[in-house]
Amino acid sequence: MNAHTVTLANVLTIQKLSKKFGERFAVNQASWSAQSGQIICLLGHSGCGKTTMLRLIAGLETPTEGSIQLERKVLWDPYQQVQAEERNIGFVFQDYALFPHLSVLENVMFGLKKIPKHERQSIAENALKHVSMSHHIHSYPHTLSGGEQQRVALARALAPKPHVLLMDEPFSNLDHRLRDQIRQSTIEILKQTSTTTIIVTHDPEEALQIADQIILMHQGKIIQSGTPKQLYFQPKTLFAARYFSDLNEIKTQIQDQQLHTIFGNIDIPKHLTSNNEIRCYFRPHQLRVNRIKTENSLAAKIISSNFLGYSQLLKLKIEAEDKVLSAYVEYSQHYDQADTVYLSLDLSQCFFYEANDSIETHQSPT
Ligand SMILES: Nc1ncnc2c1ncn2[C@@H]1O[C@H](COP(=O)(O)OP(=O)(O)OP(=O)(O)O)[C@@H](O)[C@H]1O
């Protein structure tokens, strides 16, 4: 193996995992893996099966089929099962689930039952020091802010040095200003301790910011997995593209082995082989807005403008077409409603899908 191809071992391996409640699949044939020290985000809309996936890994739900493996040990398959308390997996619940009648220190010590009594206190104190909560060891949970409770829950989950840490929407109960700060410090702690962590979130920006790998789910199935940049820049389906931002859509026509659009022509992407109509999609910030006409640019009128602080969202009506597009531009450029501007687009950065795109089948260029 050469020095540049070091591969990390899989810590967690999920294969064809399914969970049915009645006739409905909450998780449907999901396969993915986490490598040592990685932060994985399970991302998707409400009800897509993220929490069920965490609970299956923790041993709080029993799978219908498939397998879960921690390093070389099978945690669950149809023939072998390891009980939840024997899995050495930490869990931070959405509401933190601290015991109200125990102090902060006692809450953290509670997770250390397997460790000799005389060592528990110093390990718990150390874990609390790590999350900067030493000054609160004798406080009770109800006297702490949401952010402080989150840090105690993190210390309690990390103190037993779990093989894998599971966190269910850990930042969603924090107010907006605190969220960024707590998220940042949590990620620093997870990276310092090289803790392999699976975080559930429905927030695409959060996943892009913190994940080494994103697993995007819809109706129990994995739609796409990969690095944040792969999901954002090379979404394989319209669903994946749309999860991360609004999209503009324009029509294309096939002529002479090329796709013709109002912004110019491009070779037909190789992955598109059927005869269905192909549509071109792009994010609002991809549309270039200019005051001066350039080659291949289209005249458009600004029909509305929304101030967003640093940027501005423009709705633009193309003059020669019955088409309205959206664009983000820097506010400092001071575009106003009714201004005429010129639009251009780099087609090589756009996504192309068939018009009747189903969620799982059609791919964009990679
Ligand atoms: N114990 C249960 N009994 C029956 N159905 C369940 C049970 N738990 C979850 N479900 C169903 O399984 C599906 C997936 O639920 P799950 O909680 O895993 O989704 P989620 O993506 O975590 O959603 P949210 O973000 O809203 O928490 C939903 O349709 C839900 O109603």
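Okay, let's start with the annotation: the UniProt record, an unreviewed entry, puts "domain: ABC transporter" on residues 12-244. Keep in mind that what we're looking at is a predicted model.

So what does the chain look like over residues 12-244? It's 34% helix and 29% strand there, and the C-alpha atoms at the two ends sit 26 Å apart.

Now the domains. The domain assignment splits the protein chain into domain 1, 10-243, and domain 2, 248-354. Measure between the C-alpha centres of domain 1 and domain 2 and you get 40 Å.

On to the ligand, for those of you who like pockets. Which residues are around the ligand? Going along the chain, we have Phe21, Ala26, Gly44, Ser46, Gly47, Cys48, Gly49, Lys50, Thr51, Thr52 and, finally, His202. Helix α1, residues 50-58, gives the largest share of that shell, with 3 residues. And by character? The shell comes out as 7 polar, 3 nonpolar and 1 charged.

Last bit, confidence. The average pLDDT for the protein chain is 91, and 95% of the residues score at least 70. The stretch to watch is 360-366, where the pLDDT is below 50. That stretch still has 17 contacts in the model beyond near neighbours in sequence. Where pLDDT is low, though, don't read the predicted coordinates in detail. As for the scores of the model, ipTM is 0.97 and pTM is 0.90.

That's me done, over to you.

Notes:
Residues are numbered from 1 along each chain as its sequence is written. This is a predicted model: local features need pLDDT of at least 70, side-chain atom pairs count only at pLDDT 80 or more; totals for chains, interfaces and linings use all residues. Domain bounds come from an automatic or database domain assignment. UniProt positions are given in the numbering used here, feature names are shortened, and annotations may be inferred rather than shown by experiment. Helices (H or I, at least four residues) and strands (E, at least two) are DSSP runs, numbered from the N terminus. A residue is near a molecule or strand if its C-beta atom, placed from the backbone, lies within 6 Å of it. Ala, Val, Leu, Ile, Met, Phe, Trp, Tyr, Cys and Pro count as nonpolar, Asp, Glu, Lys and Arg as charged, and the others, Gly among them, as polar. pLDDT is the predictor's confidence in each residue, from 0 to 100. Two residues are in contact if their C-beta atoms, placed from the backbone, lie within 7 Å.
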